[in-house]
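Here are my notes on the structure you asked me to look over, set out as numbered points. Please read them with the structure open beside you, so that each element can be found as it is named.

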Amino acid sequence: MTILLFCAIAPLMAKTTFTAGVGAGTSLYLGIGRYGDSIPIRSSIRIDARFDFGLNWKDRLSASIEIPIAYVSPSPVYDGTIRRQFLSFGCGLRFLYRCGKRIGIVASSSIQYNQYFVDQAFLSFEVSAGPTFLLAQSERWRLSIDTPVQVQCRKEIIGLGIGFILRGVYEGADL
Amino acid sequence: MKKTIILLILPFLLLVSCDLFQKQTWPKSVNVVCIGLNYKGTDLDSHDTAIADGVLYGTLNDAAEIQEAFSQLYGSRIKSSSLMVQEGRTGGSYDTITSALPTKANVMERLRSLPAADLTIVTYSGHGNTGTGALALAPPDTVVDPNYGTKGCLYDGKTLREECLLDLTTLIPLLDGIQGKVLLVLDSCYSGNAVAENGGSISLVEDGGNAFENAWSGYWGDRSYQTHLYALTATTSDNYSWDEAKTSDHPHGYFSEAFLDAFGWDHANRKLTGTMPAERRNTVSLDSIYQYIMENQKIPISGNRVHQHPMLFQGADTLCLTTM
């Protein structure tokens with residue numbers, strides 16, 4: 001559906017370029033129990049890898065389809081329980097708006113299929129938003145750092161991620 | 001200025017309310033109840049039974065050694081420790097009926113009378129009833145068999161007696177009534193029935209075929225989430241649990257043997273070696289034990305031939321059994 005939408009809009013856009021990006025990062029993952037846990041927040045480390053491809057319009061706005069992959073570590077023991085570690089695979093949309101030469105705002109949302117390491121799985125939805133800073137660029141490449149706040153909605157837990165993602169983006173020629 | 005103070009205080013409040021700053025010793029107190037039945041001296045051990053050979057050879061070792069392993073592991077932190085075994089002899093001699101015999105009434109009474117503790121561990125090695133996984137417990141009385149002397153009867157004609165079956169729908173509310181966290185370990189057929197759907201998680205063992213669809217239903221369904229009763233079972237809700245042949249020098253249930261090995265149990269000397277193979281990051285958790293059993297039990301976890309796949313508590317959390 002999104003691809004069709006892009007195809008429909010693309011001819012209307014002047015100075016539209018194709019982009020493809022890859023990113024990796026880490027964050028502090030704070031799991032807030034929605035079930036009366038004995039501690040309000042349990043902490044883990046989250047490691048992210050992201051792949052995206054989409055369109056960039058007038059070097060200001062870009063929209064992409066994103067594939068987020070993440071690992072969330074187990075939490076320390078508290079009251080005899082440990083939050084389970086899991087792997088996450090998802091699919092979503094990512095939007096970037098460049099406010100200035102070096103700064104922009106990034107927002108994304110995704111649906112994720114997550115798997116614990118004990119033959120169990122669960123579904124989650126995630127939204128994230130925050131500033132992005134351009135670190136370096138060449139004619140075709142940009143290196144930036146995103147510092148979004150990630151909110152992962154699980155059935156029993158709200159996961160809050162605070163960290164960074166380092167991204168390399170390739171920008172193609174005008175369509 | 002106010003905004004700066006708020007911005008500084010907010011991360012501080014977040015951090016102090018999370019587990020990084022709340023180290024604890026766990027568990028401080030433990031109850032252990034280990035139940036094992038070999039069914040010798042009952043009607044499962046005679047020529048005229050509906051089950052050809054219902055005697056189990058590893059269950060008594062399972063119960064006695066798991067109790068001993070936990071006694072050594074927790075030491076003075078044990079508040080109550082019970083070993084309830086039925087160990088009649090082949091050829092007609094059923095057990096003496098005492099309060100230690102694992103009859104349905106005795107087991108229920110023992111579970112009701114447990115003191116409050118951080119962690120209560122209940123293990124069972126014996127038969128599970130077809131389909132439901134109900135525990136097949138010791139008959140509370142005896143009959144005189146002209147060929148075999150006194151024996152305990154689990155069967156009333158061709159059905160199991162109500163007095164000998166502890167259904168999971170009775171057992172689980174009983175365990176829910178125990179203060180502190182509860183771990184139920186079942187080495188019996190159909191024991192996967194004790195692992196309930198919990199929160200948004202789904203099992204990939206029994207429902208693996210439609211994982212995404214089931215996860216979607218799990219997310220939007222109205223399942224509640226509990227972190228009081230944790231279950232680890234030998235097999236799925238529709239499969240058998242096996243024990244080693246009677247010819248073995250030191251028989252165990254395959255699952256229970258791997259469970260004990262996960263704690264570093266030395267079978268020959270009946271003691272913990274001090275090295276726990278299931279330890280991960282200085283912690284032995286239910287997940288690390290499950291993973292150890294999956295990798296080390298001496299019977300396949302899947303396939304067309306005889307196999308059994310352990311099942312584990314569902315949800316976002318796992319239980320810590322000990323920290324190093």
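1. What covers the buried residues of α3(B)? The cover includes β1 (30–37), β2 (78–86), β9 (165–166) and α4 (168–176) of chain B. Please bear in mind, here and in the points that follow, that this is a predicted model.

2. The helix under that cover, α3 of chain B, runs over residues 104–112, and its buried residues are B:Lys104, B:Asn106, B:Val107 and B:Leu111. These four lie on the same side of α3(B), because the arc they cover around the axis is only 170°. On the other side of α3(B) the picture changes, for B:Glu109 and B:Arg112 are exposed there.

3. Chain B also holds an open sheet of 6 strands, which come in the order β2-β1-β3-β10-β12-β16 and pair in a mixed way. At the edges stand β2 and β16 (311–312) of chain B, and each has a single partner strand, so one side of each is left without a neighbour in the sheet. As a general reminder, the strands of a sheet pair through backbone hydrogen bonds, and they may do so either parallel or antiparallel.

4. Within this sheet, how do strand β10 and strand β12 of chain B run, parallel or antiparallel? They run parallel, and 5 bridges join β10 (residues 181–187) to β12 (residues 229–233) of chain B. To find the place by eye, look for B:Leu183, which stands opposite B:Tyr230 in β12(B).

5. Helices pack on the sheet as well, and two of them deserve a look. Helix α2 of chain B, residues 59–74, touches β1, β2, β3 (119–125) and β10 of chain B, and its direction makes about 165° with that of β1(B). For α4(B), the strands touched are β3, β10 and β12 of chain B, while its direction makes about 135° with that of β12(B).

6. The largest nonpolar core has 87 residues, and those with the most contacts inside it are B:Leu184, B:Leu286 and B:Ile289. If neighbours within four places in sequence are left aside, B:Ile289 is in contact with B:Leu232, B:Phe259, B:Ala262, B:Ala278 and B:Val284. Another core lies apart from the largest one and has 6 residues, among them A:Ala121, A:Phe122, A:Leu123 and B:Tyr219.

7. Turning to chain A, its secondary structure comes to 1 helix and 10 strands, and along the sequence the pattern begins with the helix and goes on with the strands. Of its 175 residues, 41% count as buried, and its C-alpha trace spans about 60 × 35 × 25 Å along the principal axes. Among contacts in chain A between residues at least 6 apart in sequence, 54% join residues at least 24 apart.

8. Where the chains touch, chain B gives 40 residues to the contact and chain A gives 28 residues. On the side of chain B that touches chain A, the elements that give two or more residues are β11 (202–203), α5 (211–220), β15 (283–285), α7 (286–296) and β17 (317–323) of chain B. Of these, α5(B) gives the most, with 6 residues. By class, that side of chain B has 20 nonpolar, 15 polar and 5 charged residues.

9. Strand pairing also crosses between the chains, since 2 bridges join strand β7 of chain A, residues 120–137, to β11(B), and the two strands run antiparallel. One residue to look for is A:Gln120, whose bridge partner in β11(B) is B:Ser203.

Terms used: Residues are numbered from 1 along each chain as its sequence is written. Chains are lettered from A and ligands numbered from 1 in the order in which they are written. This is a predicted model: local features need pLDDT of at least 70, side-chain atom pairs count only at pLDDT 80 or more; totals for chains, interfaces and linings use all residues. Two residues are in contact if their C-beta atoms, placed from the backbone, lie within 7 Å. Ala, Val, Leu, Ile, Met, Phe, Trp, Tyr, Cys and Pro count as nonpolar, Asp, Glu, Lys and Arg as charged, and the others, Gly among them, as polar. Two strands pair if DSSP finds at least two bridges between them. A residue is buried if 20 or more other C-beta atoms lie within 10 Å of its own, exposed if 12 or fewer, and partly exposed in between; C-beta atoms are placed from the backbone. The arc is that of the directions from the helix axis to the C-beta atoms. Axes are lines fitted to C-alpha atoms, for helices over the stretch in contact, and angles run from 0 to 180 degrees between N-to-C directions. A nonpolar core is a set of buried Ala, Val, Leu, Ile, Met, Phe, Trp, Tyr and Cys residues joined through C-beta atoms within 7 Å.
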